[in-house]
Amino acid sequence: MTIAAGQATAEQRPSRRDRLARYGRPALGLILPVGAALLWELLVRMGFSDGRLVPPPSVIFAAFVELAQSGELQRHVVVTSLRVAAGFGIGLVAGTLMGAATGYSTLLRRLLDPTLQALRAIPSIAWVPLFILWLGIFEGSKITLIAVGVFFPVYLGVMGAIMSVDRKLVEVGRAFRLSDTAMVRRILLPAVLPAYVISLRSGLGLGWMFVVAAELLGASEGLGYLLIDGQQLGKPAQIVAAIVAFAIIGKTTDWIIAAVAAPFLRWEDGFVRN
Amino acid sequence: MLSLKRVGKTYPNGVRALDAITLDVAPGEIVAVIGGSGCGKSTLLRAVGGLDAPTQGSIALDGAPVTKPHEKIGIVFQESRLLPWLRVADNVGFGIEGRPKSERQKRVSFALDRVGLSDKAGVWPRELSGGQEQRVAIARALVPRTQELLLDEPFSALDAFTRVDLQDHLLNL
């Protein structure tokens with residue numbers, strides 16, 4: 001008994017090495033960007049470059065702080081985030097429904113998929129003039145462009161995931177006489193979840209890419225507008241600050257999806273090398 | 001009573017897997033179908049289990065035709081086919097989800113106990129050995145208390161010692 005209790009205590013308390021590994025692993029991803037930034041800062045300070053077109057991190061940080069203190073950064077971030085949220089929501093719902101329908105029904109796949117694949121091949125930027133004609137220069141066209149960007153990876157991800165669900169697992173559902181609804185809820189949904197989460201993350205990434213395209217083409221606010229403003233006024237630090245803001249928000253939203261999905265994917269038996 | 005009358009199965013590619021099989025299985029009777037690989041054993045079990053319809057003849061359980069999976073017929077496949085997103089206890093209780101929770105827990109616990117895996121109720125299928133997976137699959141088939149239990153070589157992929165152990169175990173159930 002005493003030995004067992006001792007073992008349990010030892011198991012519960014993570015060792016120093018475990019703690020280091022736990023906090024150290026995420027920090028590994030910071031080595032490259034932080035190292036590159038420090039190196040560039042050093043090179044500019046040592047006079048190897050004037051840092052005019054590619055400002056050093058200290059100048060970018062100062063521009064970032066200045067934008068934040070004036071409230072401009074927050075305003076632009078909120079506007080861009082709302083556009084992405086709206087476009088992502090629409091693209092997500094449409095992509096999921098269409099992907100589920102074409103993945104589940106052979107008839108619908110034969111009917112719809114060729115057209116959707118042809119539409120997917122069109123460079124998204126080519127839609128812009130049409131969207132502006134149809135929906136005007138304001139929010140409608142921007143959100144629609146983002147929704148188109150989100151739609152295709154989600155659609156393809158869901159359709160592909162449903163089609164690749166293990167037939168043998170579906171047969172287990174049949175052997176237990178599951179209804180169609182129960183089959184979807186108890187077999188298909190959990191089976192497609194890992195691929196669905198990946199398609200959501202891809203879709204969101206494209207959403208952030210497309211919002212830049214939408215805002216570059218005509219916006220009076222948003223991070224894309226900050227980029228254009230910085231270009232027109234010759235403020236590279238502002239451009240890089242906006243890019244950094246995109247990177248931070250994009251990474252944060254991606255992390256949120258991954259974190260929300262993680263508890264539902266604990267069962268996965270994937271390849272992980274420490 | 002499970003009755004097969006001149007059951008035949010011809011696949012769309014022309015392969016004739018079953019030919020005029022007639023068989024009666026009385027309640028409590030254990031029947032072993034023996035034959036080489038590809039001779040149609042699985043096809044026969046899938047037909048009896050209602051997963052594949054025979055192209056000729058008929059199958060009936062207590063006089064009622066079996067044309068789709070039947071509530072009184074359970075099946076254990078060659079592979080465990082455990083659902084990886086469900087813990088062992090949830091896999092075992094998969095077929096009785098509509099029952100009250102307390103009854104479900106009781107029956108799952110009883111079935112796991114019978115296959116000697118009470119201590120594995122909370123683990124994921126990926127954490128089990130091959131033999132343990134098959135025992136869980138058997139427990140899952142036992143829980144709905146079906147009248148007939150079809151075993152499609154569930155131990156074929158296991159090593160000889162585990163196979164003998166599980167066969168003995170199954171006969172004791």
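## Close-up views of a predicted two-chain model

**View 1. Helix 4 of chain A crosses helix 7 of chain A with right-handed geometry.** As everywhere in these legends, the model shown is predicted. A pair of packed helices is described by the angle between their axes and the distance between those axes. Here the partners are helix 4, residues 72-104 of chain A, and helix 7, residues 139-163 of chain A; their axes come within 6 Å and cross at roughly 30°. Angles under 35 degrees count as roughly parallel, and helix 4 of chain A and helix 7 of chain A are therefore roughly parallel to each other. Sorted by class, the residues in this helix-helix contact are 21 nonpolar, nine polar and two charged.

**View 2. Chain A meets chain B through a contact built from both sides.** Have a look at who contributes what: 11 residues come from chain A and 14 residues from chain B. On the side of chain A that touches chain B, helix 8 (residues 167-175) of chain A gives the largest share, with six residues. By class, that side of chain A holds six nonpolar and five charged residues, and no polar ones.

**View 3. Chain B combines five helices with six strands.** If you trace chain B from the N terminus, the elements follow the order β-β-α-β-β-β-α-α-α-β-α. Along the principal axes, the C-alpha atoms of chain B fill a box of roughly 45 × 35 × 30 Å. A compact globule of 173 residues would have a radius of gyration near 16 Å, and the 17 Å of chain B agrees with that.

**View 4. Inside chain B, 36% of the 173 residues are buried.** The contacts of chain B are worth a look here too. Counting those with a separation of 6 or more, 60% join residues 24 or more positions apart.

**View 5. Met209(A) sits in helix 9 of chain A.** This helix covers residues 180-216 of chain A. Is Met209(A) buried or exposed? The count falls in between: Met209(A) has 15 other C-beta atoms within 10 Å, so Met209(A) is partly exposed. For this label, buried would take 20 or more such atoms and exposed 12 or fewer. For a sense of distance, take Leu39(A), which lies 170 residues from Met209(A) along the chain. The C-alpha atoms of Met209(A) and Leu39(A) are separated by 28 Å.

Notes. Residues numbered from 1 in each chain as written. Chains lettered and ligands numbered in written order. Predicted model: local features only at pLDDT ≥ 70, side-chain atom pairs only at ≥ 80, totals over all residues. Axes fitted to C-alpha atoms, helices over the stretch in contact; angles between N-to-C directions. Helix = DSSP H or I, 4+ residues; strand = E, 2+ residues; numbered from the N terminus. Parallel < 35°, antiparallel > 145°, perpendicular 65-115°, else oblique. Left-handed = near helix turned anticlockwise from the far one by under 90°. Nonpolar A, V, L, I, M, F, W, Y, C, P; charged D, E, K, R; others polar. Contact = placed C-beta atoms within 7 Å. Rg over C-alpha atoms; globule rule 2.2 N^0.38 Å.
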